[in-house]
Amino acid sequence: VGAALPVDVLTYEEKTLCAILRVISSGFVKLWSALTLLGFYQNRRCAFRVLQASPFLIALSGNSRELVLD
C-alpha cells in the first residue's frame, strides 16, 4: 500500500495460468514478497508458484536439464 512497482506481463497462458513477468532487478524482492503475501484476489483464494527466475530473459526460454546434444 502506498508504493508502486512497474511490472510487465510478457506472456500469459490462460489455459495453464502461467505468466512471464518482467521487473527491474531492484524490484525483484518486492515482487516476490507481494506474490507470497497475496492470498485473496477479488474475494477468491489464490496462490502463486514461481517456476523460474533469471536476470536474463533468454534463460527462461529453455531448460538446460532437458537439453539434448546430438
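**Close-up views of a predicted model**

**Figure 1. Ala19 in strand β2.** Ala19 has a relative accessible area of 42%, so it counts as partly exposed. The model shown here and in every later view is predicted. Strand β2 is home to this residue and covers residues 18-22. Which residues does Ala19 contact, once neighbours within four places in sequence are left aside? They are Thr11 and Tyr12. Both numbers fall in the span of strand β1, residues 8-13. Val50 is 31 residues away from Ala19 in sequence. In space, the C-alpha atoms of Ala19 and Val50 are 9.8 Å apart.

**Figure 2. Trp32 in helix α1.** Is Trp32 buried, exposed or partly exposed? Its relative accessibility is 40%, so Trp32 counts as partly exposed. The cut-offs are under 20% for buried and over 50% for exposed. Trp32 sits in helix α1, which runs over residues 28-37. Not counting residues up to four places away in sequence, Trp32 touches Val50 and Ala53. Trp32 and Val50 lie 18 residues apart along the chain. A distance of 8.6 Å separates their C-alpha atoms.

**Figure 3. Leu17, a residue with positive phi.** Leu17 is not a glycine, yet its phi is positive, at about 60°. Most residues other than glycine have a negative phi. Where does Leu17 lie? Leu17 is in the loop between β1 (8-13) and β2 (18-22). Leu17 has a relative accessible area of 64%, so it is exposed.

**Figure 4. Gln42, in the loop between β3 and β4.** The flanking strands are β3 (40-41) and β4 (44-45). Phi of Gln42 is positive, near 50°, and the residue is not a glycine. Is Gln42 buried or exposed? Gln42 is exposed, because its relative accessible area is 62% and the cut-off for exposed is over 50%. The side chains of Gln42 and Tyr41 are joined by a polar contact of 3.5 Å.

**Figure 5. The second largest pocket and its lining.** The space in this pocket is about 230 Å³. How many residues line the pocket? The lining has 11 residues. Nearest the centre are Leu5, Val7, Leu31, Ala34 and Leu35. Which element gives the most to this lining? Helix α1 does, with 4 residues. By residue class, the lining holds 10 nonpolar residues and 1 charged residue. No polar residue is part of the lining.

**Figure 6. Residues 20-41, an annotated span.** The UniProt record, an unreviewed entry, places the feature "transmembrane region" here. In the predicted model, 45% of the span is helix and 23% is strand. The C-alpha atoms at the two ends of the span are 19 Å apart.

**Figure 7. The whole chain, for orientation.** How many helices and strands does the chain have? It has 1 helix and 4 strands. From the N terminus on, their order is β-β-α-β-β. The chain has 70 residues, and buried residues make up 3% of them. Consider the contacts between residues at least 6 apart in sequence. Of these, 17% join residues at least 24 apart.

Conventions:
Residues numbered from 1 in each chain as written. Predicted model: local features only at pLDDT ≥ 70, side-chain atom pairs only at ≥ 80, totals over all residues. Heavy atoms only, no water. 1 Å grid on protein atoms, 1.4 Å probe; cavity = no way out; pocket = protein on both sides within 12 Å on 5 of 7 lines; lining within 4 Å. Points joined across faces, edges and corners; volume = space filled by probe spheres on them. Nonpolar A, V, L, I, M, F, W, Y, C, P; charged D, E, K, R; others polar. UniProt positions renumbered as here; feature names shortened; annotations may be inferred. Buried < 20%, exposed > 50% of the residue type's maximum accessible area, 1.4 Å probe, protein only. Polar contact = N/O pair within 3.5 Å; in protein donor to acceptor, adjacent residues only side chain to side chain. Contact = heavy atoms within 4.5 Å.
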